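The following exercises concern the model shown below. Each consists of a task and a solution that proceeds step by step.

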Amino acid sequence: MHTVILTFDGFNELDSLIAFGILNRVKRPDWRVSIASPTARVVSMNGVSVEAQASLVDVGEADAVLVGSGLKTREVVADTNLMSQFKLDPERQLVGAQCSGSLVLSALGLLEAMPVCTDLTTKPWLQDAGVEVLDQPFFAKGNIATSGGCLASQYLASWVIAHLVGIDAACGAMHYVAPVGEKAEYIDRMSANVMPYLG
(Lines give C-alpha, C1' and ligand atoms only; values in the text may rest on other atoms or scores of the structure.)
Protein backbone atom coordinates (compact mmCIF):
# COMPACT_ATOMS: atom_id res chain seq x y z
CA MET A 1 0.00 0.00 0.00
CA HIS A 2 1.52 3.28 -1.13
CA THR A 3 0.51 6.73 0.12
CA VAL A 4 1.99 9.81 -1.53
CA ILE A 5 1.94 13.32 -0.13
CA LEU A 6 1.90 15.76 -3.02
CA THR A 7 4.22 18.58 -1.98
CA PHE A 8 5.09 21.76 -3.87
CA ASP A 9 7.59 24.61 -3.56
CA GLY A 10 6.59 26.89 -0.72
CA PHE A 11 5.01 23.97 1.14
CA ASN A 12 3.94 24.18 4.76
CA GLU A 13 6.17 21.79 6.71
CA LEU A 14 3.49 21.01 9.29
CA ASP A 15 0.99 19.98 6.63
CA SER A 16 3.21 17.58 4.71
CA LEU A 17 5.63 16.35 7.36
CA ILE A 18 3.23 15.73 10.26
CA ALA A 19 1.14 13.53 7.97
CA PHE A 20 4.34 11.87 6.71
CA GLY A 21 5.49 11.12 10.26
CA ILE A 22 2.15 9.74 11.44
CA LEU A 23 1.65 7.62 8.34
CA ASN A 24 5.10 6.11 8.85
CA ARG A 25 4.10 4.84 12.30
CA VAL A 26 2.46 1.92 10.46
CA LYS A 27 5.06 -0.82 10.36
CA ARG A 28 4.10 -3.35 7.71
CA PRO A 29 6.20 -4.77 4.87
CA ASP A 30 3.60 -3.69 2.30
CA TRP A 31 3.30 -0.11 3.64
CA ARG A 32 5.12 2.80 1.99
CA VAL A 33 4.79 6.58 2.32
CA SER A 34 6.47 9.04 -0.05
CA ILE A 35 6.78 12.74 -0.68
CA ALA A 36 5.87 13.32 -4.34
CA SER A 37 6.77 16.55 -6.10
CA PRO A 38 6.81 17.94 -9.64
CA THR A 39 10.56 18.61 -9.24
CA ALA A 40 13.44 16.67 -7.73
CA ARG A 41 13.58 19.03 -4.77
CA VAL A 42 11.12 21.44 -3.17
CA VAL A 43 11.77 24.19 -0.63
CA SER A 44 9.29 24.95 2.13
CA MET A 45 7.84 28.32 3.10
CA ASN A 46 10.53 28.49 5.80
CA GLY A 47 13.47 27.33 3.68
CA VAL A 48 13.53 23.60 4.43
CA SER A 49 14.66 21.64 1.38
CA VAL A 50 13.13 18.20 0.76
CA GLU A 51 13.99 15.75 -1.99
CA ALA A 52 11.12 14.05 -3.76
CA GLN A 53 10.79 10.33 -3.16
CA ALA A 54 8.12 9.78 -5.80
CA SER A 55 7.11 11.22 -9.16
CA LEU A 56 3.83 12.50 -10.52
CA VAL A 57 3.42 9.12 -12.23
CA ASP A 58 3.47 7.52 -8.77
CA VAL A 59 0.68 9.89 -7.71
CA GLY A 60 -1.64 8.33 -10.28
CA GLU A 61 -0.75 4.82 -9.16
CA ALA A 62 -0.83 5.28 -5.37
CA ASP A 63 -3.48 3.83 -3.09
CA ALA A 64 -3.83 7.17 -1.30
CA VAL A 65 -2.87 10.72 -2.24
CA LEU A 66 -2.71 13.65 0.15
CA VAL A 67 -2.34 17.10 -1.39
CA GLY A 68 -0.28 19.33 0.86
CA SER A 69 -0.65 23.04 1.40
CA GLY A 70 1.65 26.00 0.95
CA LEU A 71 2.27 29.54 -0.16
CA LYS A 72 2.20 28.76 -3.88
CA THR A 73 -0.89 26.55 -4.22
CA ARG A 74 -2.73 29.13 -6.31
CA GLU A 75 0.26 29.23 -8.68
CA VAL A 76 0.07 25.44 -8.92
CA VAL A 77 -3.64 25.59 -9.78
CA ALA A 78 -2.97 28.26 -12.41
CA ASP A 79 -0.34 26.07 -14.11
CA THR A 80 -2.50 24.13 -16.58
CA ASN A 81 0.43 22.01 -17.78
CA LEU A 82 1.20 20.89 -14.23
CA MET A 83 -2.44 20.34 -13.31
CA SER A 84 -2.94 18.15 -16.38
CA GLN A 85 -0.37 15.72 -14.96
CA PHE A 86 -2.37 14.95 -11.82
CA LYS A 87 -4.26 11.71 -12.40
CA LEU A 88 -6.37 11.32 -9.27
CA ASP A 89 -9.20 8.82 -9.21
CA PRO A 90 -11.38 8.66 -6.06
CA GLU A 91 -13.02 5.53 -7.45
CA ARG A 92 -9.82 3.59 -6.71
CA GLN A 93 -7.79 5.96 -4.52
CA LEU A 94 -8.22 7.72 -1.22
CA VAL A 95 -7.75 11.42 -1.97
CA GLY A 96 -7.20 14.00 0.74
CA ALA A 97 -6.28 17.66 0.84
CA GLN A 98 -4.75 19.74 3.59
CA CYS A 99 -5.70 23.43 3.81
CA SER A 100 -4.98 25.09 0.42
CA GLY A 101 -4.60 21.63 -1.13
CA SER A 102 -8.39 21.79 -1.44
CA LEU A 103 -7.86 24.34 -4.23
CA VAL A 104 -6.19 21.57 -6.25
CA LEU A 105 -9.10 19.18 -5.69
CA SER A 106 -11.55 21.93 -6.62
CA ALA A 107 -9.67 22.78 -9.82
CA LEU A 108 -9.62 19.08 -10.76
CA GLY A 109 -13.40 18.92 -10.36
CA LEU A 110 -13.22 16.35 -7.56
CA LEU A 111 -15.25 18.23 -4.96
CA GLU A 112 -18.52 18.57 -6.90
CA ALA A 113 -21.09 19.71 -4.28
CA MET A 114 -19.01 18.45 -1.36
CA PRO A 115 -18.26 20.87 1.49
CA VAL A 116 -14.63 21.16 2.57
CA CYS A 117 -12.39 22.05 5.46
CA THR A 118 -9.51 24.45 4.91
CA ASP A 119 -7.42 27.15 6.55
CA LEU A 120 -8.67 30.69 7.10
CA THR A 121 -6.47 32.14 4.33
CA THR A 122 -7.79 29.74 1.69
CA LYS A 123 -11.42 29.92 2.82
CA PRO A 124 -12.44 33.01 0.79
CA TRP A 125 -10.77 31.67 -2.36
CA LEU A 126 -12.79 28.46 -2.16
CA GLN A 127 -15.96 30.36 -1.37
CA ASP A 128 -15.37 32.55 -4.43
CA ALA A 129 -15.24 29.32 -6.44
CA GLY A 130 -18.64 28.32 -5.03
CA VAL A 131 -17.32 25.75 -2.54
CA GLU A 132 -18.96 25.49 0.89
CA VAL A 133 -16.35 25.74 3.65
CA LEU A 134 -17.08 24.11 7.01
CA ASP A 135 -16.04 25.45 10.39
CA GLN A 136 -14.44 22.20 11.53
CA PRO A 137 -11.04 20.50 11.23
CA PHE A 138 -11.94 17.44 9.13
CA PHE A 139 -14.60 16.22 6.73
CA ALA A 140 -14.80 13.27 4.36
CA LYS A 141 -17.27 11.91 1.88
CA GLY A 142 -16.58 8.55 0.33
CA ASN A 143 -12.93 8.43 -0.72
CA ILE A 144 -12.33 12.20 -0.52
CA ALA A 145 -11.32 14.05 2.63
CA THR A 146 -10.21 17.55 3.54
CA SER A 147 -8.73 19.06 6.67
CA GLY A 148 -8.23 22.62 7.83
CA GLY A 149 -5.51 24.03 10.05
CA CYS A 150 -1.94 22.73 10.11
CA LEU A 151 -2.39 20.39 13.06
CA ALA A 152 -5.49 18.88 11.45
CA SER A 153 -3.06 16.95 9.25
CA GLN A 154 -3.15 14.34 12.03
CA TYR A 155 -6.78 13.62 11.14
CA LEU A 156 -6.03 13.30 7.45
CA ALA A 157 -3.22 10.83 8.14
CA SER A 158 -5.35 8.89 10.63
CA TRP A 159 -8.20 8.68 8.09
CA VAL A 160 -5.86 7.10 5.55
CA ILE A 161 -4.53 4.60 8.08
CA ALA A 162 -8.02 3.74 9.33
CA HIS A 163 -9.24 3.15 5.76
CA LEU A 164 -6.29 1.09 4.56
CA VAL A 165 -5.29 -0.79 7.72
CA GLY A 166 -7.99 -0.23 10.35
CA ILE A 167 -8.96 2.08 13.20
CA ASP A 168 -6.77 0.17 15.65
CA ALA A 169 -3.72 1.00 13.54
CA ALA A 170 -4.80 4.66 13.41
CA CYS A 171 -5.14 4.71 17.19
CA GLY A 172 -1.74 3.07 17.51
CA ALA A 173 -0.11 5.68 15.29
CA MET A 174 -1.75 8.48 17.26
CA HIS A 175 -0.66 6.89 20.54
CA TYR A 176 2.92 6.89 19.30
CA VAL A 177 3.02 10.60 18.39
CA ALA A 178 0.72 12.08 21.07
CA PRO A 179 2.27 13.90 24.04
CA VAL A 180 2.98 11.86 27.14
CA GLY A 181 0.17 12.25 29.62
CA GLU A 182 -2.28 13.24 26.87
CA LYS A 183 -2.34 10.11 24.72
CA ALA A 184 -5.89 9.07 25.59
CA GLU A 185 -7.20 12.58 24.87
CA TYR A 186 -5.47 12.70 21.48
CA ILE A 187 -6.80 9.27 20.50
CA ASP A 188 -10.32 10.21 21.61
CA ARG A 189 -10.18 13.48 19.65
CA MET A 190 -8.87 11.76 16.54
CA SER A 191 -11.54 9.06 16.79
CA ALA A 192 -14.31 11.63 17.25
CA ASN A 193 -13.17 13.53 14.15
CA VAL A 194 -12.39 10.59 11.87
CA MET A 195 -14.65 7.65 12.75
CA PRO A 196 -17.95 9.27 11.63
CA TYR A 197 -16.53 9.34 8.09
CA LEU A 198 -15.32 5.77 7.83
CA GLY A 199 -18.65 4.37 6.63
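**Exercise 1: Two helices at an angle**

Helices α7 and α9 are roughly perpendicular to each other. The model is a predicted one, in which local features need pLDDT of at least 70 and side-chain atom pairs count only at pLDDT 80 or more, whereas totals for chains, interfaces and linings use all residues. Residues are numbered from 1 along each chain as its sequence is written, and side-chain values use heavy atoms, with hydrogens and water left out.

Task: Determine at what angle α7 and α9 cross, and which residues make the contact.

Solution. Step 1: Helices (H or I, at least four residues) and strands (E, at least two) are DSSP runs, numbered from the N terminus. Axes are lines fitted to C-alpha atoms, for helices over the stretch in contact, and angles run from 0 to 180 degrees between N-to-C directions.

Step 2: The axes of α7 and α9 cross at roughly 70° and come within 10 Å. Angles of 65 to 115 degrees count as roughly perpendicular, under 35 as roughly parallel, over 145 as roughly antiparallel and the rest as oblique.

Step 3: From α7, Gln 154, Tyr 155, Ser 158 and Trp 159 take part, and from α9, Tyr 186, Arg 189, Met 190, Asn 193 and Val 194. Contact here means heavy atoms within 4.5 Å.

Step 4: By class, this contact of α7 with α9 holds five nonpolar, three polar and one charged residues. Ala, Val, Leu, Ile, Met, Phe, Trp, Tyr, Cys and Pro count as nonpolar, Asp, Glu, Lys and Arg as charged, and the others, Gly among them, as polar.

**Exercise 2: A second helix pair**

Task: Describe how α8 and α9 pack, and state which residues of α8 meet α9.

Solution. Step 1: Helix α8 covers residues 167-177 and helix α9 residues 183-194; they pack at about 140°, with their axes 9 Å apart. The two helices are therefore oblique to each other.

Step 2: In α8, Ile 167, Ala 170, Cys 171, Met 174, His 175 and Tyr 176 meet α9, where the partners are Lys 183, Tyr 186, Ile 187, Met 190 and Ser 191.

Step 3: The contact of α8 with α9 comprises eight nonpolar, two polar and one charged residues.

**Exercise 3: The sheet and its edge**

Task: Give the order of the strands in the sheet and name the edge strands.

Solution. Step 1: The open sheet has six strands, ordered β2-β1-β5-β6-β8-β7, with mixed pairing; two strands pair if DSSP finds at least two bridges between them.

Step 2: β2 (32-36) and β7 (138-141) are the edge strands, each pairing on one side only. On average, neighbouring strands are turned by 15° against each other, direction ignored.

Step 3: β7 runs antiparallel to β8 (residues 144-147), and four bridges join them. Phe 138 stands opposite Ser 147 in β8, and Ala 140 has Ala 145 as its bridge partner.

Step 4: Two residues lie between the strands of this hairpin, in which Gly 142 takes a positive phi near 60°.

Step 5: Helix α7 (residues 153-164) lies across β1 (2-6), β5 (64-67), β6 (94-98), β7 and β8, running at about 170° to β6.
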